[in-house]
Amino acid sequence: MYQPVQLSEDIFYIGVNDRRTELFENMWPLPRGVAYNSYLINDGKVALLDTVEIGQVEKFLKKIHAVIGDKPVDYLVINHMEPDHAGSVNIIRQLYPDMKIVGNKKTLPMVEGFFGITENLVEVKEGDELDLGSHKLQFFLAPMVHWPETMVTYEQTQKILFSADAFGSFGTLDGGVFDDEMDFSWFHDEMRRYYSNIVGKYGSPVQKALEKLSALDIKIIAATHGPIIRSHIPEVLKMYDDWSSHKTQEGVVVAFASMYGNTEEMAEVTARAIAEQGIRDIRIYDVSKTHSSYIISDIFKYKALVLASPTYSNELHPNMEALVNKLKHMAVKDHYLGVLGSFTWAGTAAKRLKEFGEELKWEIIGTPVEEKHALKKQKYDECRDLGEAIASRLKADR
Ligand SMILES: Cc1cc2nc3c(=O)[nH]c(=O)nc-3n(C[C@H](O)[C@H](O)[C@H](O)COP(=O)(O)O)c2cc1C
């Protein structure tokens, strides 16, 4: 039995928690699970805003029933077609055959393509309104915040923004559903990991969407993942503004690959020199141990990055190659890069890492340090010099 959670008069959170799925998009670890949020407006007309992942549909149907009983759903607004939100569309349509599905001109072909649904579709354009009785919805397109059809829905009476994936987070809603019912700072890291890995490539569409939303008076942000935000709205908007414009804070991520410890030693020496110069936030990651989503999340947070790799079959270590490829694919901007490498007969790794930084137009700090065999005095000193140069560059920005 479910007790629906109310956002305001007639408006309910009917989302579900998923603590079983190991990998989001079959790729990103979910140690704290994930919530699929959906909302229901029980007005003269009943409107459902997005659905949930198909595996959770039974819980979801019970929640719908708890709010509207045997009343039918009149409208299903699809803000985003990704299966973690649109997965239950077909089942909902079968239960409510007269229900109209509301989407924009990019959504509706996807509804047909994924579900074969061609009837009772309502196409909305930028700024269109839908009157439910005492509540009125208005639609704003937000293309590529995360897919091309993504839109957001603004409820005008209570000033609620149903924001799709924007402002979402990994992590389940453990009792607390609203940001002020929990220690919201606990979600910051998972919000950034969600943003950077899922939406991070689309910084400029996010900037455009933020610009558009700045014209709205928003009292509640109701995203499709993570807490419903009503007490930290300026803070969350600022976080999104910073991440999508690649604004970072002082600090260094040191990501290394190492089979036998030589490259790791170089990374440690460099990090120590950085710390001795007064930089406090330094995070060292072994790319073979920590999932890249965590490393990428911290790269979105901190200005400087040290990449360290042994040469492996005349290339980068494969796990470093994978990280670097992801960063390229996301077109991460505006970082300082230090480079370290280790080899035994012909070094290539340092050259590759430097080329990667140049391709992304990052500022390369100092000279790449590449050691043959074990770390010896001269290269040890060069690692320290590189660390000091990185610290100086960061301090020059203070
Ligand atoms: C599978 C494998 C492939 C390697 N390929 C190269 C290579 O192409 N060129 C080279 O100079 N060293 C190569 N090496 C040697 C390592 O780059 C070298 O031992 C390095 O110091 C290892 O760093 P680590 O101790 O951080 O793992 C290879 C080592 C392994 C295990």
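## Helices, strands and overall dimensions

This chain has 12 helices and 23 strands, and keep in mind that the model is a predicted one. Taken along the principal axes, the box filled by the C-alpha atoms comes to roughly 75 × 40 × 40 Å.

Of the 398 residues in the chain, 48% are buried. As for contacts with a separation of 6 or more, 71% of them come from residues 24 or more positions apart.

## The seven-stranded sheet

One open sheet has seven strands, and its order reads β1-β2-β7-β8-β9-β10-β11, with mixed pairing. At its edges sit β1 (5-8) and β11 (121-123), each of which pairs on one side only. On average, neighbouring strands here are turned by 25° against each other, direction ignored.

Let's zoom in on one pair. Strand β8 covers residues 46-49 and strand β9 covers residues 75-77; the two run parallel and share three bridges. Within that pairing, Leu-49 has Val-77 of β9 standing opposite.

## Helices lying across strands

Two helices are worth a look against these strands. Helix α1 (residues 57-68) lies across β2 (11-13), β7 (39-42) and β8, and its direction makes about 20° with β7. Helix α4 (residues 107-115) lies across β10 (100-103) and β11, this time at about 130° to β10.

## The annotated stretch, 252-391

Moving along the chain, UniProt lists residues 252-391 as "domain: Flavodoxin-like", in an unreviewed entry. In the model, that stretch is 46% helix and 26% strand. Its end C-alpha atoms are 9 Å apart.

## Around the ligand

Which residues are closest to the ligand? They are Met-259, Tyr-260, Asn-262, Thr-263 and Pro-310, out of 18 that surround the ligand. By type, the shell splits into seven nonpolar residues, 10 polar ones and one charged.

Three elements each supply at least two residues of this shell: helix α8 (262-276), plus strands β19 (302-312) and β21 (336-343).

## A look at Asn-325

Asn-325 belongs to helix α10, which spans residues 318-330. Is this residue buried, exposed or partly exposed? Asn-325 counts as partly exposed because 13 other C-beta atoms lie within 10 Å, whereas a residue would need 20 or more to be buried and 12 or fewer to be exposed.

Ser-313 is 12 residues away from Asn-325 along the chain, and the C-alpha atoms of the two are separated by 17 Å.

Definitions and conventions:
Residues are numbered from 1 along each chain as its sequence is written. This is a predicted model: local features need pLDDT of at least 70, side-chain atom pairs count only at pLDDT 80 or more; totals for chains, interfaces and linings use all residues. A residue is near a molecule or strand if its C-beta atom, placed from the backbone, lies within 6 Å of it. Helices (H or I, at least four residues) and strands (E, at least two) are DSSP runs, numbered from the N terminus. Ala, Val, Leu, Ile, Met, Phe, Trp, Tyr, Cys and Pro count as nonpolar, Asp, Glu, Lys and Arg as charged, and the others, Gly among them, as polar. UniProt positions are given in the numbering used here, feature names are shortened, and annotations may be inferred rather than shown by experiment. Two strands pair if DSSP finds at least two bridges between them. Axes are lines fitted to C-alpha atoms, for helices over the stretch in contact, and angles run from 0 to 180 degrees between N-to-C directions. Two residues are in contact if their C-beta atoms, placed from the backbone, lie within 7 Å.
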